[in-house]
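These are my notebook entries on one structure. I set down each lookup in turn, with the cut-offs beside the terms.

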Amino acid sequence: MSIRYKFFWAFSVVVALACGLAFYGIRGISTTGDLVVRLYDGPLMGINHARSAHASLNEARLILQRSLSEGAPKETLAKYEKILADIAEDLTIVRERVKNENVTVALQRAESQLLDWADAGLKILKPPSGGLTMVPAPFSIQQKSDDAVSALDDLVEMVAAYGFDYRIQAESTVAAARTTMLALAIGTALIGLALAVAFAVSMSRPIFAAMRVAERVAAGNLTDRIEVRRHDELGRLLKSLLAMQGSLKVRADQDHALMVSKEQLARMLAALSATNEAIMKSKTRIQLFELVCQAASKGSEFTSTTIAMVKPDNDFLDIVASAGPTAETTRNIKLSINEVHPEGRGLSGTAFRTRQACISNDYLADRRGSAFHALARSDGARSGAAFPLFSSDQVTGAMLFISAELDAFTPEVVELLRRLTDNVSFALTNFDRADEKTRADERIEYLATHDSLTGLPNREMFNQLLHFTIEASQRFGRRFALLFIDLDRFKVINDSLGHEAGDALLIEIGNRLRGSLRSSDVVARLGGDEFVLILGDILEIKDVENVAHKLLSTLSRSMQLCGHECHVTASIGIAMFPADGSDIQTLTKNADMAMYLAKEDGKNAFRFFSEKVKTQSIERLMLETALRHAIERNQFTLHYQPKVVLATGLITGVEALLRWAHPDLGMLAPMQFIPLAEENGLIVPIGRWVLTEACTQNMAWQRQGVPPVSMAVNLSPRQFFDEDLLQYIDDALAESGMPATQLQLEVTESMVMRDVPRAVKLLDAIQSRGIRLAIDDFGTGYSSMSLMKQFPIDTIKIDRSFVRDLPIDSEDQAIAQAIISMGKALGMTVIAEGVETAEQETFLRDHACDEVQGFLFSKPVPPGQMADLFGLAPTVSPSLQPEPFATDKMPAERLMLTATAT
Ligand code: C2E
Ligand code: MG
Ligand code: MG
């Protein structure tokens, strides 16, 4: 019940009691008053009226006595009657007021006495209801008065006695009323007190209970609870307090949980920072894995922290590190990345495949890890989380955290672990980058020290190796050989078959060299077609010779290059340590010199360094220096060799052949300086001079009366690929005034084959000017007749080497024959070079060769002698110097001068 109502009820009860008491008290008081009233109204008034009646009677007696003596005047009688009426009235009042039997008897007696008395003197009138009626009549007062008085005295006494009793009765009634009032007041007070106590108790108990609850709450005790049965406000207050306690408990529990989780997070943060430190400290991946696992398990409450990395071509992960109380068991588990295997369907496998964190906060209830449930039970694992590890955006492994607690992986923990694993991934990526950089550095180092084409050490590396070899050989008193190898005619292959074939050739040569030597020997490529070898621990020179022979034969073995069978030879120069030099520069320079001389000696040979070699090399160097000044010093001259038509014996043209009048060495043949000029680029200005000079000479002859002849000029590869070639051909023709049709340019197969489209374009441009084109030294290159068809060639010159052994050598016969017939078939003019004998001439004539050129008819001769051949006075072009070069004149009958058929 509500306190309001309780209070109301208690108040009502108290008020009711008070009211009852008051009522009772008032009633008691009124009874007392009533008694008093009644006493005064009744007995006391009766007494008074009885006394008054008595007094009136005495007064009446006196009056009667006097009237009797005086004769009862009328007034006295009236007065007497009035007194009697008063007495009667008093007695009536007494009768009304005093209800007492004795009094009634006394009253009746008094009345009767009075009646008697009145009868005696007075007329007594009886009232209808009885009683006294004053009747004025004469009576005998004497006789009757005493009885009346005595009756009235009695009456007075009776009434007084009655009044006295009545008073006692009234007083006792008042006293009883007062006692009752007091008892009621005390009772009411006691009830009020009891109610107040009950109310106070009823109020104070819940208040104390509330106080206790509040004190408990204040003291932090949120668990003890009290039972509340009350339903009033205090009950509700208590319930509210308890509810508050409950919510405070929930809050406290939450706070506790939060604190616990904060603590856990703090530990995790510590672990995170420890792992960061581990990551910073780690120098290797293994160190990283170990340190990270240790740091993560030390800071946290995980039973194990494990890192498993993917293995190449393997479904199972490699457990690279594990830490924590159950690490030993974890180390031995099998984890897979393939869900085909039960071990691949767990947290790690899932994280690996999905590339996302895989969390299980109730591990044993999670079907994913069923393969590991038995182990989890024995290890006490209750929750787990696996995170993928990345390395350069590739998943390379997984990090697995196991906890003995359920729901250990709250979102905050997961977030921290994700950051932790992100850091590990970052470190792995850094390791990758570092590896990549190391590889790149190694590659750079490798590229810096190795030849990218053959994979052999390059010049720099070779110098280092040579340096070490020199030091070691000096220390142990050993000898070693340094071999410089240069391929012969590599340029021809490169030019004719292209760079691709050239590269393939160099690779093959590198392999052959490497394959021919001991692994302790050094093989390096210095660039181009230059290879260099170090043959260590040489006891005998003979051993070096044997190796050189072996190398020459190995290198000369045929090989297939771009579908062509090729034969390559090499020239080798050898310098011995310490005899030919004890330092890098001297040794390499001397081996190089020896190699050049081996080349000059005819190639496909080796040569040891010697003082003679040195001298020759110095000469070569001097030659190069002199060559640079040859044009400006007018040391060049042209010799001309006629070409004779076999059918007619007529000279149809001449070939201009360069000679160098060296001031010290005398007249030098082209092969003594043209390769050098080709090598250093001087051939371009020299060739330009030749072209202009030849055209000028031809026009000089013509001015002397010689019929126009074809002037053949040789082009070198460098010239052929010179951008300005067409320009200076045009210049030469314009300068000399020679018609283009009289000019024939000789190119070789290798030149045109090197870049066929370009060659076709260039040759077309040359031909379009009316200039004729011849393929020189045909048969020595790598072209085919079918390819020749593409070029606007009108003449082929069979190389001297196929003519030399004609007609004896059957192979040469076959080749010469084939070239002639193919040339003819293509509508070309076929010229044979180097015809020295009549037999050769006969063979060629018999096989329908068109023209011949050779010593049989004339050696190349200076222009003056050529004039003889033309049958002119010996005049030369103004720029030409007198010819000291010996020329055998051919029999005049074999030569006939004729005009060139253009
Ligand atoms: P080539 O163009 O094939 O010239 C023919 C060479 O054969 C000439 O040698 C000539 O003297 C020689 N010869 C001609 N008939 C006979 C013979 O019956 N027997 C022998 N044993 N040799 C004969 P030479 O003058 O020494 O020229 C050699 C090569 O030098 C030329 O071969 C040509 O390729 C090159 N050459 C000559 N002059 C020039 C030039 O002005 N410019 C360029 N680029 N090369 C030139
Ligand atoms: Mg020629
Ligand atoms: Mg030739």
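I begin with the polar contact, which I take as a pair of N or O atoms within 3.5 Å; within protein, one atom must be able to donate a hydrogen and the other to accept it, and residues adjacent in sequence count only if both atoms are side-chain atoms. The model is a predicted one, so that local features need pLDDT of at least 70 and side-chain atom pairs count only at pLDDT 80 or more, while totals for chains, interfaces and linings use all residues. Residues are numbered from 1 along each chain as its sequence is written, chains are lettered from A and ligands numbered from 1 in the order in which they are written, and side-chain values use heavy atoms, with hydrogens and water left out.

**Entry: Q641**

I looked up Q641 and found it in strand 13 (residues 636-645); helices (H or I, at least four residues) and strands (E, at least two) are DSSP runs, numbered from the N terminus. The side chain of Q641 makes a polar contact with the side chain of Q853 at 2.9 Å, and the Q641 side chain also reaches the backbone oxygen of S858 at 2.9 Å. I then asked whether Q641 is buried or exposed. Its relative accessible area is 8%, and therefore Q641 is buried, where buried means under 20% relative accessible area, exposed over 50% and partly exposed in between, with a 1.4 Å probe and protein chains only. Leaving out residues up to four places away in sequence, I list among the residues that Q641 touches G653, E655, F855 and P860, contact meaning heavy atoms within 4.5 Å.

**Entry: ligand 1**

An N or O atom in the side chain of Q641 is 2.9 Å from a nitrogen atom of ligand 1. I also noted a polar side-chain atom of E655 at 2.8 Å from an oxygen atom of ligand 1, and a backbone N or O atom of L658 at 3.0 Å from a nitrogen atom of ligand 1. On its own ligand 1 has 780 Å² of accessible area, of which the protein covers 86%; these areas come from the Shrake-Rupley method with a 1.4 Å probe, and for residues only the protein chains shown count as cover.

Which of the 24 residues around ligand 1 come nearest? They are E655, R659, D776, E836 and F855, a residue being near a molecule or strand if one of its heavy atoms lies within 4 Å of it. Strand 14 gives the most to this shell, with four residues. By type, I recorded 10 nonpolar, six polar and eight charged residues in the shell around ligand 1; Ala, Val, Leu, Ile, Met, Phe, Trp, Tyr, Cys and Pro count as nonpolar, Asp, Glu, Lys and Arg as charged, and the others, Gly among them, as polar.

**Entry: the magnesium ions**

For the magnesium ion (ligand 2), the protein donors are E655 (OE), N714 (OD1), E746 (OE) and D776 (OD), lying 1.9 to 2.2 Å from the ion. Donors are N, O and S atoms within 2.8 Å of the metal (3.2 Å for Na, K and Ca), and water is not among the atoms, so sites may look incomplete. The donor residues of ligand 2 follow the spacing E-x58-N-x31-E-x29-D. Distant parts of the chain are linked here, with E655 in strand 14 (residues 650-662) and N714 in strand 16 (residues 710-714), 59 residues apart. E655 is buried at a relative accessible area of 3%, whereas N714 counts as partly exposed at 26%.

The magnesium ion (ligand 3) has as protein donors D776 (OD), D777 (OD) and E833 twice (OE), at 2.0 to 2.5 Å, and the sequence spacing of its donor residues is D-D-x55-E. I found ligand 3 and ligand 2 to be 3.9 Å apart, with D776 coordinating both. Here D776 in strand 18 is paired with E833 in strand 20 (residues 829-833), 57 residues away, and both D776 and E833 are buried.

**Entry: helix 12**

Seven of the eight residues of helix 12 (residues 490-497) are buried, so this helix is largely enclosed by the rest of the structure. What covers those buried residues includes helix 13 (499-516), strand 6 (480-488) and helix 19 (717-720). Just after helix 12, G498 takes a positive phi of about 95 degrees.

**Entry: backbone geometry**

I noted a cis peptide bond between F577 and P578, with omega about 5 degrees, and P578 sits in the loop between strand 11 (569-577) and helix 15 (584-600). The peptide bond from L806 to P807 is likewise cis, with omega near -5 degrees.
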